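Q: I've got a model open and want to go through it with you. Can we start with the ligand site and work outwards?

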Amino acid sequence: MSLVDAVTSAFVERAGRRPDGVWRAPGRVNLIGEHTDYNDGFVLPVAIDRSVVVAAGRRDDDVLRCWSTGDRTAPVPRRLAELGPGSSSGWSAYVEGVAWALLQEGRPVPGADLVVHADLPAGAGLSSSAALEAAAALAFTELAAAGPAADPVSGGDVAAAPPNGRAASGDGAAAPPPDRVALALAGQRAETEVVGMPCGLMDQMVVLTGRAGHALFFDTRTLATEQVPFDPAAAGLTLLVIDTRVKHTLAGSPYAERRRACERAAAALGVAALRDASLDDLDAALSTGRLDDVTFRRARHVVTENARVLEVVALLRRGEVAAIGPALAGSHRSLRDDYEVSCPELDVAVETAVAAGAVAARMTGAGFGGSALALVPEGAADGVAPAVAEAFAAHGFGPPAVFPVAVSDGAARLA
Ligand code: GLA
């Protein structure tokens with residue numbers, strides 16, 4: 001059954017009527033640029049063909065009800081006016097948080113019934129959270145726009161003009177659609193203020209503005225984006241995800257702790273963000289005692305990672321997909337040794353994929369578990385899953401899930 005059919009029949013079963021629409025938002029794999037997005041840095045993610053779909057129907061009151069096909073529990077009906085920080089928990093906090101964030105921005109949000117369904121694993125470092133936020137944000141926005149004029153609750157204030165990104169240079173350069181940026185910011189706000197995960201903007205941006213056959217080069221300071229051609233199949237390569245199945249929980253402390261270390265480092269260096277620091281600045285601060293060893297290494301990861309993103313973008317602009325391996329390997333080492341967000345399962349996944357013929361592999365996403373990516377010549381792709389499964393078994397790890405992904409379009413209405 002297609003995702004649309006599955007979510008539509010789940011909606012009919014639960015809400016007792018047909019939905020007004022179905023919206024999809026993809027997961028993402030970040031090619032490179034990890035833990036740079038909260039440092040005003042560069043990222044290069046791709047949207048993938050695994051996604052979250054939301055079937056939604058407008059209500060004529062101000063109540064929100066959310067079901068998930070992955071969760072048998074009955075929804076807790078919530079009045080829109082009651083939503084906000086501290087009021088939601090569990091997976092529905094992403095949906096309720098987005099409704100709240102949109103209302104805060106002065107956008108109309110109607111009462112609605114929503115059913116969530118996904119073929120994107122949650123907690124696998126593939127941005128199921130951002131996908132849920134994006135699909136819900138599109139659903140709310142389009143339900144409100146479509147009417148009927150049944151008194152949508154309004155946040156009151158007039159929406160602030162969305163930030164307008166200056167376009168980066170290059171063929172695919174263009175300012176991202178302003179409304180998509182506003183929805184991405186609403187998702188980030190929901191996650192930060194309602195869910196309690198102080199994330200950057202990378203995931204929300206790529207799931208909303210990604211394009212098939214392209215990686216999204218995103219400057220998180222200026223919000224400029226460039227669609228950089230990235231078509232592994234045309235280069236004879238398969239993009240594989242290796243889900244270690246070690247669940248990462250990010251609302252907890254390690255992610256926030258890394259973020260604080262970066263802020264400490266920027267303050268010690270006297271710069272607005274680590275985007276502005278050089279390796280020489282870091283060396284000088286280490287030798288004069290302004291940075292301790294751990295904070296120095298956290299900052300060094302960010303500074304070197306930004307440089308690696310630019311290197312990979314330059315290679316992809318020239319169509320040299322297979323040549324990005326050394327930069328990805330450097331990223332993984334830096335995340336493992338300097339930023340310390342990898343884990344034994346991710347390290348084994350990456351080492352085994354490379355030994356099995358991958359031209360590039362590294363952990364992707366926040367780390368602490370989750371997934372690695374591997375770019376593998378088509379002829380060798382079938383060998384990676386058994387090799388990784390065997391290596392995991394030999395290390396006493398639980399079985400991983402290995403699957404190919406296609407580089408896909410960002411969120412859209414499906415029905
Ligand atoms: C998570 C966050 C992103 C980003 C990555 C690490 O996916 O949501 O904003 O910080 O971790 O690169």
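Q: How far is a polar side-chain atom of Asp37 from an oxygen atom of the ligand?
A: The distance is 2.6 Å. Keep in mind that this is a predicted model.

Q: What about Glu34, how far is its side chain from the ligand?
A: An N or O atom in the Glu34 side chain is 2.6 Å from an oxygen atom of the ligand.

Q: And Asp203, what's the distance there?
A: Asp203 has a polar side-chain atom 2.7 Å from a ligand oxygen atom.

Q: Which residues surround the ligand?
A: Arg28, Glu34, His35, Asp37, Tyr38, Met197, Cys199, Gly200, Met202, Asp203, Tyr255 and Ala366.

Q: Switching to pockets. What volume does the largest one have?
A: About 800 Å³.

Q: How many residues line that largest pocket, and which lie nearest its centre?
A: The lining has 40 residues. Nearest the centre are Tyr94, Ala122, Gly123, Ser128 and Ser129.

Q: Which elements give two or more residues to the lining?
A: One strand, E5 (112–118), and three helices: H3 (128–146), H4 (178–195) and H5 (202–209).

Q: How does the lining split by class?
A: Nonpolar residues number 19, polar ones 15 and charged ones 6.

Q: I want the backbone outliers too. What's odd about phi at Ser127?
A: Phi is positive, about 65°, although Ser127 is not a glycine.

Q: Where is Ser127 found, and is it buried or exposed?
A: Ser127 is in the loop between E5 and H3. It counts as buried because its relative accessibility is 7%, and the cut-off for buried is under 20%.

Q: What is phi at Glu340?
A: Near 55°, again a positive value in a residue other than glycine. Glu340 sits in the loop between helix H9 (325–337) and helix H10 (344–355). Its relative accessibility is 35%, so Glu340 counts as partly exposed.

Q: On to the strands. How many residues of E9 are buried?
A: 7 of its 7. One side of E9 has Leu237, Leu239, Val241 and Asp243, the other has Thr238, Leu240 and Ile242, and both faces are covered.

Q: Why two sets like that?
A: Side chains in a regular strand alternate between the two faces of the sheet.

Q: What pairs with E9 (residues 237–243), and in which sense?
A: Strand E11 (residues 371–377) is joined to E9 by 7 bridges and runs antiparallel to it. E12 also pairs with E9 in the antiparallel sense, over 4 bridges.

Q: What are the bridge partners of Leu240?
A: In E11, Leu240 partners Ala374. In E12, the partner of Leu240 is Pro404.

Q: And what stands opposite Val241 in E12?
A: Phe403 does.

Q: Which residues of E12 are on its covered face, and which on the uncovered one?
A: Strand E12 spans residues 401–404. Ala401 and Phe403 make up the covered face, while Val402 and Pro404 are on the uncovered face.

Q: New topic: Ser51. Where is it, and what does its side chain contact?
A: Ser51 is in strand E2 (residues 42–58). Its side chain makes a polar contact of 3.2 Å with the side chain of Arg24.

Q: Why does Ser51 count as buried?
A: Because its relative accessible area is 3%.

Q: Now a few spot checks in helices. Where does Phe11 lie, and how far is it from Asp113?
A: Phe11 is in helix H1 (residues 3–15). The C-alpha atoms of Phe11 and Asp113 are 8.5 Å apart, with the two positions 102 residues apart along the chain. Phe11 has 0% relative accessibility, so it counts as buried.

Q: How far is Ala101 from Asp113?
A: Their C-alpha atoms are separated by 18 Å, and the two residues are 12 apart along the chain. Ala101 belongs to helix H2 (residues 92–104). Ala101 counts as buried because its relative accessibility is 0%.

Q: Last one, Arg300. Which helix is it in, and how far is it from Phe140?
A: Arg300 is in helix H8 (residues 293–317). From Arg300 to Phe140 the C-alpha separation is 41 Å, at 160 residues apart along the chain. With a relative accessible area of 29%, Arg300 is partly exposed.

Note on methods. Residues are numbered from 1 along each chain as its sequence is written. This is a predicted model: local features need pLDDT of at least 70, side-chain atom pairs count only at pLDDT 80 or more; totals for chains, interfaces and linings use all residues. Side-chain values use heavy atoms; hydrogens and water are left out. On a 1 Å grid over the protein atoms alone, a cavity is a set of points where a 1.4 Å probe fits but cannot get out, and a pocket is an open set with protein on both sides within 12 Å along at least five of seven lines; lining residues have an atom within 4 Å of a point. Grid points are joined across faces, edges and corners, and a volume is the space filled by probe spheres set on the points. Ala, Val, Leu, Ile, Met, Phe, Trp, Tyr, Cys and Pro count as nonpolar, Asp, Glu, Lys and Arg as charged, and the others, Gly among them, as polar. Buried means under 20% relative accessible area, exposed over 50%, partly exposed in between (1.4 Å probe, protein chains only). Two strands pair if DSSP finds at least two bridges between them. A residue is near a molecule or strand if one of its heavy atoms lies within 4 Å of it. A polar contact is a pair of N or O atoms within 3.5 Å; within protein, one must be able to donate a hydrogen and the other to accept it, and residues adjacent in sequence count only if both atoms are side-chain atoms.
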